[in-house]
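Here is a short briefing to read alongside the coordinates. Have the viewer open, and let's walk through a few spots together.

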Amino acid sequence: MNERDYQFTPFIERFNEYIVKIDESLFKEIECYSWSEFYLPLKYACQGGKRIRPLILNLAAETVLDSNINSTSANVADNIFSVSSAVELLHTESVIHDDIIDSDNLRRGQPSFHVKYGYNASILTADFILGIILNISAKANNSLVTQELSKASIRMSEGEMLELRLVKNHSISQEQYINVIENKTASLFEASAKMGAILANGSENQINALANFGRLLGIAYQIHDDLIDYNNEERLFNILVKQNDENNIFIEIMENTYLNYSDLARKELERIEGSNRSKRILQELTNLSSFS
C-alpha cells in the first residue's frame, strides 16, 4: 500500500504477507463506515505502522493450530483477522490519545492526528473507534475475546493515568515504571497473544503460556523502545534516568532488565509442545532488534 512506502523497513518486508492481510481486513472494516463523517479521519489514523500486535495475534493462533494434531483452521481465519483489526484499532485509539497527552506533533512520519484534525475531532474519532471495536467483538461472538479486549482497554487507561500522575510529581521508582508499561503497553500485547490462542481453540496451558509470553514481550518491547529514545524525550523513562546519579550504570541495568524479560518471554513458549514455523518466529521476536 502507498501509505507504507516511506517506512518499508526490514520488519515490514519480512512480514509483508501477514501485514497485507491484516491491512485488508482492517480497511474492510473501515469501509463499512464510508457513509460517516469519520471515514477519512479513520483511514488517516490507521495508515502505516508495523501491525505488531495483530501480527502477534496471528502468530499465536498459528502456533496453536500447528501444534494441535486434531485442531482445524476451518472458519477460524476470518475471526482471527477480524479480531486482529479490533486489536489494531484499540492501539490506534490509544495513539490518538497519547499524542495529545504527550504533545507529539508527528506520528509515523506524518502530522499527528490532533495536528491534522484538531482536538475535538480527535476525541470524537477515538470514541467512534471504540464503537467499531464493540461491533467487531459482537460479530466474533466469543465472550472470552470480548473480555480480553475490555480488560486491555481498561488497563491501558489505568497505565496512562498512573503515568500522568508520576510525571506530574517528577518522582518515580523502577517498580512504578514497570507497573505503568505493564498496563499501558504490555496489556495489549498480552491480550493479542491470548486471543490468538483462544480463537485457535488452544488448551488452558497454551492460552496461559501465550498470554504470559505477550505480557513479558510487551514489557521488554517498551523498555527497549524507551532506551532508544530517552535522550530525546521528557517522559517517564527520562525522569527515571535523571533520578539516578550514575546514568550509564542505570542504563546498563535497564538494558539487562529488558533482556531478562525477553528471555522470560522465550521460556514461556517452551511450555508449548512441538516446534513449528510460527512458534519459531515468536521466539525470534523476543530479540527486540527484529522490530527495527
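Which residues in helix 14 are buried? They are S278, K279, I281, L282 and L285. Please keep in mind that this is a predicted model.

**Helix 14 and its packing**
- Looking down the axis of helix 14, you will find its buried residues within an arc of 160°, so they line one face of the helix.
- As a general reminder, an α-helix has 3.6 residues a turn, so residues three or four places apart point the same way.
- The partners that these buried residues of helix 14 pack against are helix 1 (10-14), helix 2 (16-31), helix 4 (52-67), helix 11 (204-229) and helix 13 (247-269).

**The two ends of helix 14**
- At the N-terminal end, N276 acts as a cap of helix 14, with a side-chain oxygen 3.2 Å from the backbone nitrogen of S278.
- T286 sits in the segment that follows helix 14 (277-285).
- T286 counts as buried because its relative accessibility is 2%, under the 20% cut-off.
- The side chain of T286 reaches back to the backbone oxygen of Q283, at 2.5 Å.
- Setting aside neighbours within four places in sequence, T286 is in contact with F213, L217, S262, A265 and R266.

**A nonpolar patch on the surface**
- I101, M161 and L164 make a nonpolar surface patch of about 280 Å².
- Within this trio, I101 belongs to helix 5 (residues 77-101).
- I101 has a relative accessible area of 35%, so I101 is classed as partly exposed.

Key. Residues numbered from 1 in each chain as written. Predicted model: local features only at pLDDT ≥ 70, side-chain atom pairs only at ≥ 80, totals over all residues. Heavy atoms only, no water. Patch = residues over 30% accessible without salt bridge, like charges linked within 9 Å, V, L, I, M, F, W, Y side chains within 5 Å. Areas by Shrake-Rupley, 256 points an atom, 1.4 Å probe, with all protein chains shown as cover. Salt bridge = Lys/Arg side-chain N within 4 Å of Asp/Glu carboxyl O. Helix = DSSP H or I, 4+ residues; strand = E, 2+ residues; numbered from the N terminus. Buried < 20%, exposed > 50% of the residue type's maximum accessible area, 1.4 Å probe, protein only. Polar contact = N/O pair within 3.5 Å; in protein donor to acceptor, adjacent residues only side chain to side chain. Contact = heavy atoms within 4.5 Å. Arc of directions from axis to C-beta.
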